[in-house]
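I opened this notebook to record what I looked up, going from single residues to sheets, domains and the metal site. The entries follow the order in which I checked things.

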Amino acid sequence: MIRVICLGIEGTAQKLGVGIVDSSGKILANITKYQPLVAGIHPREAAQHHAEHMKDVIKKSLQKSKLTLDDITLVAFSKGPGLGPCLRVAAIAARTIALIKKIPIIGVNHCIAHIEIGRLINRVEDPLTLYVSGGNTQVIAFDEGRYRVFGETLDIAIGNCIDQFARTANLGSPGGPKVEKLALNGKYIPLPYVVKGMDLSFSGIYTAAVDSLKHHKIEDVCFSLQETAFSMLTEVTERALAHTEKDEVMLVGGVGANKRLQEMLRTMSGEHGATFTVPQPEFLGDNGAMIAWLGILMYSSGEKQSIEETNVKQRFRTDEVIVKWRE
Ligand code: AMP
Ligand code: MG
């Protein structure tokens, strides 16, 4: 089989990533550039950031891989879900490369890209995945040709909940690591635990946590926010695990860096005789390599997209994609 070399562009939110991966699964480059966050993410400003740094990040990625644009045989980009203005910048860059170099282009689903890079890097076969980030909260498993969503947030994402709380409490951003550190010295106070069937809600816990700051120590509120929200996530993941009878649990997305969340999921997985995996930080949060790798998987399974079909999709659901690259 001829070697495919894919350049993948990630740009769903505040991170711009460019990765280069070949069809054997070798990661040749994975460069990420963050937009510094001050008061939360502003879609147009983030898009402006991506546009300004696109050329440089592509160049760095090519340098790292010791390749030139002429060596690239496929280009992939994050089609969605994400913020419209950011998605369009990544799509335009990818289309430009495809047209100039006359190579195929593939727009991919960002959530599935997280799962596929985790499967590649951590050598897991068929995991039940908890995907937790600034913009997404989903429990996902492969079943009959698609990645099915077994549970998800009904309002804001867990990362957004933590970041908003941290901003209101003047902890700075991103909030996740700050809240995690403060939580180490906290004790429990009750906060609303909202699980509805297999779905979750985090807006009530955010409001209650902010309100609790008036009467409680910040450490206690951080501890309780984590304990409550992460227990909710673990409960839904556990029920999905019991239902799907998978024997691997994988945690992906930026919030997956949290040691307490990892601990809860590891314990729960162990109780069910399932292994627990979390990719290393480089591949845990948003990155270009995951987009490139999913591009390769889709291309190798016969996927073709015309330039006209490379429109972006802000609400691109995980379960819309027909997964031809898996048995
Ligand atoms: P992503 O959207 O995947 O790029 O991840 C960004 C999100 O991960 C933000 O909401 C961060 O606050 C969150 N995050 C990063 N590190 C941690 C951590 N140690 N604990 C909890 N959340 C985290
Ligand atoms: Mg993500």
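**Cysteines**

I began with C6, which counts as buried at 0% relative accessibility. The model I am reading is a predicted one, and I keep that in mind for every value below. How far is the sulfur of C6 from the closest cysteine sulfur? I find it 18 Å away, in C111, which is too far for a bond. For C86 the closest cysteine sulfur is again that of C111, here at 15 Å, and this too is too far for a bond. A search of the whole structure gave me 0 disulfides. I note for the record that a disulfide is a covalent bond between the sulfur atoms of two cysteines.

**Around C86**

I then stayed with C86, which sits in helix α2, residues 84–101. Is C86 buried or exposed? Its relative accessible area is 0%, so I enter it as buried. Leaving aside residues up to four places away in sequence, I listed its contacts as G11, T12, A13, P43, A46, A47 and H50. I also looked up its separation from V312: the two are 226 residues apart in sequence, while their C-alpha atoms are 9.8 Å apart in space.

**The sheet that α2 packs on**

I traced an open sheet of 5 strands with mixed pairing, in the order β3-β2-β1-β4-β5. Its edge strands are β3 (27–34) and β5 (105–109), each of which pairs on one side only. Neighbouring strands in this sheet are turned against each other by 20° on average, direction ignored. In what sense do β4 and β5 pair? Strand β4, residues 74–80, and β5 pair in the parallel sense over 5 bridges, and within that pairing I noted V108 in β5 as the bridge partner of S78. Helix α2 packs on the sheet and touches β1 (5–10), β4 and β5, with its direction at about 160° to that of β4. I also entered α10, which lies across β1, β2 (15–22), β3, β4 and β5 and runs at about 45° to β2.

**The sheet with β6 and β7**

I next followed an open sheet of 5 strands in the order β8-β7-β6-β11-β12, also with mixed pairing. Here the edge strands are β8 (146–152) and β12 (275–277), each pairing on one side only. From one strand to the next I have an average twist of 25°. The strands β6 and β7 pair in the antiparallel sense over 4 bridges, and L130 has V139 in β7 as its bridge partner. Which helix packs on this sheet? I find α8, residues 259–271, touching β6, β11 (248–252) and β12, with its direction at about 160° to that of β12.

**S133**

I looked up S133 because its relative accessible area of 7% makes it buried, although its place is in the loop between β6 (128–132) and β7 (137–143). Not counting residues up to four places away in sequence, S133 touches A157, I158, G159, N160, G253, G254 and V255.

**Domains**

How is the protein chain divided? I have domain 1 as 5–114 + 283–320 and domain 2 as 127–281. Taken over C-alpha atoms, the centres of domain 1 and domain 2 are separated by 27 Å. For the contacts between them, I recorded 17 residues of domain 1 against 21 residues of domain 2.

**The magnesium ion**

Last, I turned to the magnesium ion (ligand 2) and asked which protein atoms are its donors. They are H110 (NE2), H114 (NE2), Y131 (OH) and D286 (OD), lying 2.1 to 2.3 Å from the ion. Along the sequence I wrote the spacing of these donor residues as H-x3-H-x16-Y-x154-D. The pair H110 and D286 links distant parts of the chain, 176 residues apart: H110 is in helix α3 (residues 110–122), and D286 is in the loop between α9 (281–284) and α10 (288–300). I checked the burial of both, and H110 is buried with a relative accessible area of 1%. For D286 the relative accessible area is 15%, and because buried means under 20%, I enter D286 as buried as well.

Notes. Residues are numbered from 1 along each chain as its sequence is written. Chains are lettered from A and ligands numbered from 1 in the order in which they are written. This is a predicted model: local features need pLDDT of at least 70, side-chain atom pairs count only at pLDDT 80 or more; totals for chains, interfaces and linings use all residues. Side-chain values use heavy atoms; hydrogens and water are left out. Helices (H or I, at least four residues) and strands (E, at least two) are DSSP runs, numbered from the N terminus. Buried means under 20% relative accessible area, exposed over 50%, partly exposed in between (1.4 Å probe, protein chains only). Contact means heavy atoms within 4.5 Å. Two strands pair if DSSP finds at least two bridges between them. Axes are lines fitted to C-alpha atoms, for helices over the stretch in contact, and angles run from 0 to 180 degrees between N-to-C directions. Donors are N, O and S atoms within 2.8 Å of the metal (3.2 Å for Na, K and Ca); water is not among the atoms, so sites may look incomplete. A disulfide is a pair of cysteine sulfur atoms within 2.5 Å. Domain bounds come from an automatic or database domain assignment.
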